[in-house]
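Here are my notes on the model you sent over. I've put them as numbered points so you can go through them with the structure open.

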Amino acid sequence: MNGRHKEYERLIAPIEGRMMRAVWRVIRDPNDVEDAFQEALLTVWKRWDRICMHPNPQALVLQICINSAHDALRRKLRQGKWLEAGVIPEDIPDSTRSAAQDISGAEQETHVRRAIGLLPKNQARAILMHAVEEIPYGDIAVAMDCRESTVRKHVARARAKLRGLLSHLIPAVHKEESSHA
Amino acid sequence: MRNQDANDEMDDLIRRSTQVEIPAEVEDRLQRRLAEFRTSVEQRPPSRWRPLAYSLTRLPAVRVMAMAAAALVAVAVGLVVIPRESTASRVYAAAAQQLRNSQSLEYTIVFSELPYVGVDFSYAAPGYQRVNCSWGIEVRADHTARKQIVLMHLTRMYVVESGKQVESPANSDDWVEQLESLPPAADQVLGERRVGGKRLIGYRLVKAPHGTSIPGLKSFDLWVNAGTRQADHVDIAIEEPGKPVYRMHIRNIRVNGQVDRSRFDLTPPVGYTMITASSAKTRASETTSQQNALVLQAQIRQAAAVTAVMLPMTGSYAQTQAASERVESYLKTIGVTPVGPPFGRFESEQSWDTGYPVPLATHVEAPFQLVSVPAAKIASVVVNGPWGPDSTGRWSAFLKSVVEQGYLPAGPPMEIWSGDDAKVQTQSTEMQIAVTKAK
């Protein structure tokens with residue numbers, strides 16, 4: 001067993017599943033996901049030595065995956081390949097839901113991912129790591145090489161922007177808007 | 001509260017909209033990509049430079065052994081990249097030849113000024129080496145006996161290695177082999193520069209020597225003293241795509257000087273615990289040592305500017321008391337009364353000084369110097385007890401506290417000694433270091 005093998009076992013093997021999921025959750029397109037994942041792996045390979053020495057290598061690797069997925073999502077938005085709201089993606093994996101739930105759920109997912117695609121890079125990275133991957137703020141800060149307070153700001157700004165883009169999907173915002181009216 | 005609810009709701013919406021399982025067919029394809037990636041990682045050749053540069057710009061976060069190894073790699077690379085003889089310049093040729101044939105060599109590698117991260121390196125033929133890192137790790141090696149000791153001053157632990165284990169990147173045979181692959185001439189002559197009364201001529205290498213790997217090397221500038229034809233210092237710039245230029249320096253180069261042989265002493269200091277080969281035992285001794293480790297709480301404050309008479313020194317810090325007494329006696333001779341207790345600034349064993357704060361209008365003669373220590377934000381802590389003993393251990397604990405409070409060292413360590421030298425119970429040491437807020 002060589003040193004690189006051990007490094008892989010220590011750094012990547014425990015989070016292989018999380019890496020794949022991190023990319024898939026954002027991309028959700030069987031054709032694009034492979035490219036984005038490959039891009040993430042290439043980045044990890046290029047930065048391998050740095051990752052090995054990083055205080056939180058696994059958070060850094062997940063951040064690279066999320067970054068790559070978000071880049072792919074943005075590219076898709078820019079190129080106009082985005083499915084219009086209301087169009088149902090082909091893969092609806094949760095078979096326990098009813099057809100009506102599936103349609104509205106898929107619609108919601110599309111809206112949310114589109115909104116995430118419209119976020120600036122750092123905000124998207126921070127909110128995805130925090131809300132989806134549930135990585136603590138401190139670890140996100142280490143991975144993003146910034147202060148914890150900066151991560152919190154990115155997350156807060158991302159939420160504010162998403163609130164504006166997704167107000168029709170959030171009951172709390174609805175309620176607030178109705179009470180103001 | 002309403003805000004918190006709204007935040008939770010938003011996070012929940014994102015989570016619900018993104019947390020889906022991967023279809024089996026997609027997962028299979030991604031697994032294949034991972035398998036390919038794993039193979040390329042396992043076949044990846046070892047890199048000797050990048051982890052070093054990266055780890056050394058971060059203070060002793062965790063893995064001290066890894067950092068010690070990185071320091072050794074740094075030393076090896078530092079030596080490897082020293083340019084060799086060129087017919088284009090006799091000055092360059094003389095300096096390079098002297099380096100190649102040196103019987104002893106000392107220098108300081110400053111990896112970062114801010115925070116200050118430096119490594120003192122000493123070598124004496126036929127195979128004695130010492131690497132002393134500013135974060136409390138010291139490696140002493142005797143390659144003739146194939147034995148080395150790694151001292152971790154923070155945890156007061158040590159490792160003794162012998163035989164094949166000593167075949168580290170710092171192995172002198174390895175250096176010789178790599179020196180042979182250096183370019184025959186520098187790529188560029190940078191011209192002359194006057195620094196501190198010395199006339200320096202600069203030579204630049206822009207490519208790593210054949211057979212060595214220094215990713216991102218932008219320039220390697222060797223400055224040679226035209227008078228003595230000895231290497232004076234080296235400035236190295238590394239630039240990686242998308243990153244700011246990273247600069248490091250090799251300073252205080254001394255070739256064929258008298259090296260204090262006690263630096264290569266392989267006897268572990270009293271009170272240090274040995275780490276055994278067994279990992280179980282290692283864990284046990286780590287626990288014990290951590291319990292015994294000194295804990296200091298650094299105070300961050302603004303320090304006023306000070307004018308002082310200092311005596312520049314090189315060599316072992318064990319000369320501190322004698323040097324300080326020399327300054328005291330000189331001040332008496334010229335009729336100057338110190339305005340504060342003595343202190344020392346310890347940049348490296350190749351360049352440190354000690355002296356007394358004095359009134360502004362004091363005039364001194366060489367070798368004494370009148371220096372101004374500027375006002376700065378500092379971290380400090382006062383340790384009661386005799387001056388001197390376990391200074392390195394104290395410093396490691398002190399720096400740990402500085403870093404834990406979100407600050408980074410921004411200058412060399414400084415010690416101020418109060419009390420009566422005849423009464424140990426009255427003695428105390430204030431440790432100070434300029435700091436900057438960690439970004």
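**Notes on the predicted model**

1. Start with a helix pair in chain A: α3(A) and α5(A), the latter covering residues 57-78, pack at about 140° with 9 Å between their axes. Bear in mind that this is a predicted model. That angle falls outside the classes on either side, being neither over 145 degrees nor within 65 to 115, so α3(A) and α5(A) count as oblique to each other. Their crossing is right-handed.

2. Now for the residues at that crossing. On the α3(A) side you'll find D32(A), D35(A), A36(A), E39(A), A40(A), T43(A) and V44(A). They meet V61(A), I64(A), C65(A), S68(A), A69(A), A72(A) and K76(A) of α5(A). By type, the contact of α3(A) with α5(A) splits into 8 nonpolar, 2 polar and 4 charged residues.

3. Stepping back to the whole of chain A, there are 10 helices and 0 strands. Of its 181 residues, 41% are buried. Among the contacts in chain A with a separation of 6 or more, 69% are between residues 24 or more positions apart.

4. Have a look at α9(A) too. This helix has 18 residues and spans 26 Å from first C-alpha to last, close to the 26 Å expected at 1.5 Å a residue. The buried residues of α9(A) are V151(A), H154(A), V155(A), A158(A), R159(A), L162(A) and R163(A). Note that a histidine and two arginines sit on that list.

5. On to where the two chains meet: 40 residues of chain A and 35 of chain B take part in the contact. On the chain A side, the elements giving two or more residues include α1 (3-11), α2, α3, α4 (48-53) and α6 (99-117). Also among them are α7 (121-132), α9 (148-165) and α10 (171-180). The biggest giver on this side is α3(A), with 7 residues. Sorted by type, the chain A side has 24 nonpolar, 4 polar and 12 charged residues.

6. Two backbone spots deserve a check. R28(A) is not a glycine, yet its phi is positive, near 55°. You'll find R28(A) in the loop between α2 (16-27) and α3 (30-46) of chain A. Is R28(A) buried or exposed? R28(A) is buried, because 26 other C-beta atoms lie within 10 Å, and 20 or more is enough for that label.

7. The second spot is N252(B), another non-glycine residue with a positive phi, about 50°. N252(B) belongs to strand β11 of chain B, residues 246-255. With 21 C-beta neighbours inside 10 Å, N252(B) counts as buried.

8. There is also a cis peptide bond to look at, joining A366(B) and P367(B), with omega about 10°. P367(B) sits in the loop of chain B between β16 (351-357) and β17 (369-373).

9. Last one: V336(B), in the loop between α8 (320-333) and β15 (343-348) of chain B. V336(B) counts as partly exposed, because it has 17 C-beta neighbours inside 10 Å. Leaving out residues up to four places away in sequence, V336(B) touches L331(B), V358(B) and T362(B). For V336(B) and V358(B), which are 22 residues apart along the chain, the C-alpha atoms are separated by 7.4 Å.

Conventions. Residues numbered from 1 in each chain as written. Chains lettered and ligands numbered in written order. Predicted model: local features only at pLDDT ≥ 70, side-chain atom pairs only at ≥ 80, totals over all residues. Helix = DSSP H or I, 4+ residues; strand = E, 2+ residues; numbered from the N terminus. Buried ≥ 20, exposed ≤ 12 C-beta atoms within 10 Å, placed from the backbone. Contact = placed C-beta atoms within 7 Å. Nonpolar A, V, L, I, M, F, W, Y, C, P; charged D, E, K, R; others polar. Expected span 1.5 Å × (residues − 1). Axes fitted to C-alpha atoms, helices over the stretch in contact; angles between N-to-C directions. Parallel < 35°, antiparallel > 145°, perpendicular 65-115°, else oblique. Left-handed = near helix turned anticlockwise from the far one by under 90°.
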